Amino acid sequence: MDCIFCKIADGTIPGDIVFENDKVLAFRDLNAQAPDHILIIPRKHIPTMNDFTSEDVVIFGEMGQAAKEIANTLGVSEQGYRIVVNCNDDGGQTVHHTHMHFLAGRQMTWPPG
Ligand code: AMP
């Protein structure tokens, strides 16, 4: 499958991996928008949030759990962080393999751009 995140997950192309287990993988974003900008992806190719099925509920939970563990590892749990999932054009999604953006290390603003 011609999916850049699947290729990072299977090791075909390199990623700066910060967390992994049998369900999810997390690696640093190449174009970081915060001091810590990490992408948390399911190993399963799920193109968008629209494609999550009831069977994938566990995977989304695993992604959330990974975010918590990454925050602990980076030492940002108390100061805080932001989780973002973009979906399709209006959401600003550019890579069609669902992912959580984990952003930390600076004060976030609201509303988002
Ligand atoms: P989105 O726009 O929500 O689909 O997010 C896609 C993200 O993937 C962007 O922030 C890109 O900077 C990032 N990205 C694209 N290719 C790579 C890569 N090979 N390694 C790490 N991050 C990437």
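The following exchange introduces a predicted model of a protein with a ligand.

Biologist: Which residues come nearest to the ligand?

Modeller: The shell around the ligand holds 16 residues. A residue belongs to this shell if one of its heavy atoms lies within 4 Å of the ligand. Those that come nearest are Asp29, Asn86, Thr94, Val95 and His101.

Biologist: How far is an oxygen atom of the ligand from an N or O atom in the side chain of His101?

Modeller: Polar contacts to ligand oxygen atoms involve both backbone and side-chain atoms of the protein. A backbone N or O atom of Gly92 lies 3.1 Å from a ligand oxygen, and a backbone N or O atom of Val95 lies 2.9 Å from a ligand oxygen. For the side chain of His101, the distance from its N or O atom to an oxygen of the ligand is 2.8 Å.

Biologist: What share of the ligand's exposed area does the protein bury?

Modeller: Taken alone, the ligand exposes 500 Å². Of that area, the protein buries 84%.

Biologist: Which element gives the most residues to the shell around the ligand?

Modeller: Two elements give two or more residues to the shell, namely strand S2 (24-28) and helix H1 (4-9). The highest contribution is 3 residues, and it comes from H1.

Biologist: How many residues of the shell around the ligand are charged?

Modeller: The shell can be divided by residue character. There are 7 nonpolar residues and 7 polar ones. The charged residues number 2.

Biologist: How many salt bridges does the model contain, by count?

Modeller: The criterion is a side-chain nitrogen of Lys or Arg within 4 Å of a carboxyl oxygen of Asp or Glu. Among the pairs that meet it are Asp2 with Lys7, at 3.0 Å between the closest N and O atoms, and Lys23 with Asp22, at 3.7 Å. The count comes to 5.

Biologist: Is Asp2, the salt-bridge partner of Lys7, buried or exposed?

Modeller: Lys7 has 27% relative accessibility and counts as partly exposed. Asp2 reaches 73% relative accessibility. Because a residue counts as exposed over 50%, Asp2 is exposed.

Biologist: Which residue forms a salt bridge with Asp36, and how accessible is each partner?

Modeller: The closest N and O atoms of this pair are 2.9 Å apart. Asp36 is buried, with a relative accessible area of 14%, whereas its partner is partly exposed, at 28%. That partner is Arg28.

Biologist: Why does the count of disulfides come to 0, although the sulfur of Cys3 has a closest cysteine sulfur in Cys6?

Modeller: A disulfide is a covalent bond between the sulfur atoms of two cysteines. Both residues are buried, Cys3 with a relative accessible area of 6% and Cys6 at 15%. The cut-off for a disulfide is 2.5 Å between the sulfur atoms, so the sulfurs of Cys3 and Cys6 are too far apart for a bond, at 3.7 Å.

Biologist: Where does Ala34 lie, and what separates its C-alpha atom from that of Met1?

Modeller: Ala34 is in the loop between S2 and strand S3 (36-42). Despite this loop position, Ala34 is buried, with a relative accessible area of 8%. Met1 is 33 residues away along the chain, and the separation of the two C-alpha atoms is 30 Å.

Methods. Residues numbered from 1 in each chain as written. Predicted model: local features only at pLDDT ≥ 70, side-chain atom pairs only at ≥ 80, totals over all residues. Heavy atoms only, no water. Polar contact = N/O pair within 3.5 Å; in protein donor to acceptor, adjacent residues only side chain to side chain. Areas by Shrake-Rupley, 256 points an atom, 1.4 Å probe, with all protein chains shown as cover. Helix = DSSP H or I, 4+ residues; strand = E, 2+ residues; numbered from the N terminus. Nonpolar A, V, L, I, M, F, W, Y, C, P; charged D, E, K, R; others polar. Buried < 20%, exposed > 50% of the residue type's maximum accessible area, 1.4 Å probe, protein only.
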